[in-house]
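Q: Could you walk me through a few features of this structure and show me how to read them?
A: Gladly; let's look at it together.

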Amino acid sequence: MEAYKKWVRENKDYVHSLESLANGFTWLVPERFSESEIGPEAVTTLLGIISAINEHIINTSPTSMHVGSTADYSFPYALCISALKDLETLVEVVAQQYFGDDKKWNFIAIMEATKVLVRLALFRNNGYKMLLHGGETPNDEMHVEASTPQRNMGSFTKPGGQLGPGYLRNNHGQDPWNLEGRALSALTRFGENARMVSEPVWLRRVQHQQAIMEPPTPVVEKLTLSTLLSEKGLQGAFYIFGETLFITRPLIYVLFIRKYGISSWIPWFLSLAVDITGMGFLSRITSSRGGTKEQQFHLSVSEKNELKRRKLLWALYLMRDPFFSKYTRQKLESTEKVLEPVPIVGFLTGKLVELLIGAQTRYTYMSGS
């Protein structure tokens with residue numbers, strides 16, 4: 001296994017190319033298994049799990065681990081979540097074929113409950129940081145307030161480190177954008193490069209090995225629930241509640257489909273209400289200016305992008321029953337009939353509608369879950 005890890009880390013681009021080629025090849029597989037969907041889904045699931053394992057190996061490489069990284073968990077949460085998502089579709093297909101449309105939701109509910117438990121454990125062990133892409137992407141980005149003291153060691157930078165835009169003004173009293181500042185910046189970089197070149201090869205090799213072998217030292221302690229609530233007060237409670245709603249929303253949706261059926265509007269409206277409520281809490285605490293400075297939430301760039309991604313996922317409600325069957329599908333089919341006489345456009349539109357209808361059967365209950 002160690003030899004395989006080493007090979008994957010040394011050939012990242014080659015591994016990604018093989019994965020893309022294999023995923024493209026799966027589009028040809030269903031023709032050979034026309035009698036059952038289990039075969040192609042099993043192949044797709046296997047490739048997805050292998051890709052998740054390779055990505056986990058690359059992300060946990062010693063050279064890619066940085067100071068304060070939280071990716072060195074004793075339990076690979078991101079890998080587990082990715083594997084469960086890939087396995088869930090296969091479980092649905094197998095359950096539908098052997099137990100029918102109604103009983104398959106029991107197995108889907110079990111898979112969703114497992115993912116909820118894993119995500120809640122990740123949410124707790126990650127110091128109650130926002131989950132990125134449902135927990136599949138580590139949230140290791142430091143906030144500006146927390147990262148600035150660690151980047152500036154006194155009034156010096158680490159050897160080989162990049163000088164920030166405010167470095168010259170803060171340390172030499174010069175504006176980096178005027179002529180004198182640019183000249184001083186060039187001389188500083190020249191001296192730094194000359195020092196790096198003048199170092200013996202063996203010394204740089206020892207420093208590199210030492211940087212790899214030394215475990216990263218944590219710079220920020222992980223928050224506990226009691227600490228978060230005591231520091232953030234009501235804002236912290238809203239944040240925990242909003243993130244918990246986002247994590248448990250897919251399970252709530254599946255449980256109500258299991259009770260009322262896929263054609264009922266109750267699961268559709270309830271799931272949408274949970275999404276809107278959770279996003280409302282998160283938006284309130286991030287836009288609120290009330291309370292003390294310590295009680296205000298400052299999101300990182302990745303967390304702001306995550307909130308935008310979650311809002312975009314609401315568009316998938318158009319592809320869920322009963323909304324899809326009553327409105328979206330009719331609109332797609334009417335558009336296809338209008339454009340059908342046009343030679344090329346009609347053909348492409350028909351294929352697009354066929355693809356969307358096929359995708360709707362796959363994503364009937366999931367929206368980034």
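**Reading the features one by one**

A: Let's begin at the surface of this predicted model: helix 2 is the one that gives the most to the nonpolar patch, with three residues.

Q: Which helices each supply at least two residues of that nonpolar patch?
A: Helix 1 (2-10), helix 2 (12-25) and helix 3 (38-59) do. The patch is formed by Met 1, Tyr 4, Trp 7, Tyr 14, Leu 18, Leu 21, Leu 46 and Ile 50, and together they have about 840 Å² of accessible area. If you want one residue to start from, try Trp 7, which lies in helix 1.

Q: Now to helix packing. At what angle do the axes of helix 9 and helix 10 cross?
A: The general idea is that two packed helices are described by the angle between their axes and the distance between the axes. Here, helix 9 (residues 225-232) and helix 10 (residues 234-260) have axes that cross at roughly 130 degrees and come within 5 Å. That makes helix 9 oblique to helix 10, because angles over 145 would count as roughly antiparallel and 65 to 115 as roughly perpendicular.

Q: Which residues of helix 9 meet helix 10?
A: From helix 9 they are Leu 225, Leu 228, Leu 229 and Lys 232; on the helix 10 side you will find Leu 234, Gln 235, Gly 236, Ala 237, Tyr 239 and Ile 240. Sorted by class, this contact has seven nonpolar, two polar and one charged residues.

Q: How many salt bridges does a search of the whole structure find?
A: Ten. One to look at pairs Glu 243 with Arg 310, whose closest N and O atoms are 2.8 Å apart. Glu 243 lies in helix 10 and Arg 310 in helix 12 (residues 301-312), so this pair ties together parts that are 67 residues apart in sequence.

Q: And the backbone: where does Pro 322 lie?
A: Pro 322 is in the loop between helix 12 and helix 13 (323-339). The peptide bond leading from Asp 321 to Pro 322 is cis, with omega near 5 degrees.

Q: What is the phi of Tyr 128?
A: Tyr 128 has a positive phi of about 60 degrees, although it is not a glycine. You will find Tyr 128 in the loop between helix 4 (77-125) and helix 5 (144-151).

Notes. Residues numbered from 1 in each chain as written. Predicted model: local features only at pLDDT ≥ 70, side-chain atom pairs only at ≥ 80, totals over all residues. Heavy atoms only, no water. Axes fitted to C-alpha atoms, helices over the stretch in contact; angles between N-to-C directions. Helix = DSSP H or I, 4+ residues; strand = E, 2+ residues; numbered from the N terminus. Parallel < 35°, antiparallel > 145°, perpendicular 65-115°, else oblique. Contact = heavy atoms within 4.5 Å. Nonpolar A, V, L, I, M, F, W, Y, C, P; charged D, E, K, R; others polar. Patch = residues over 30% accessible without salt bridge, like charges linked within 9 Å, V, L, I, M, F, W, Y side chains within 5 Å. Areas by Shrake-Rupley, 256 points an atom, 1.4 Å probe, with all protein chains shown as cover. Salt bridge = Lys/Arg side-chain N within 4 Å of Asp/Glu carboxyl O.
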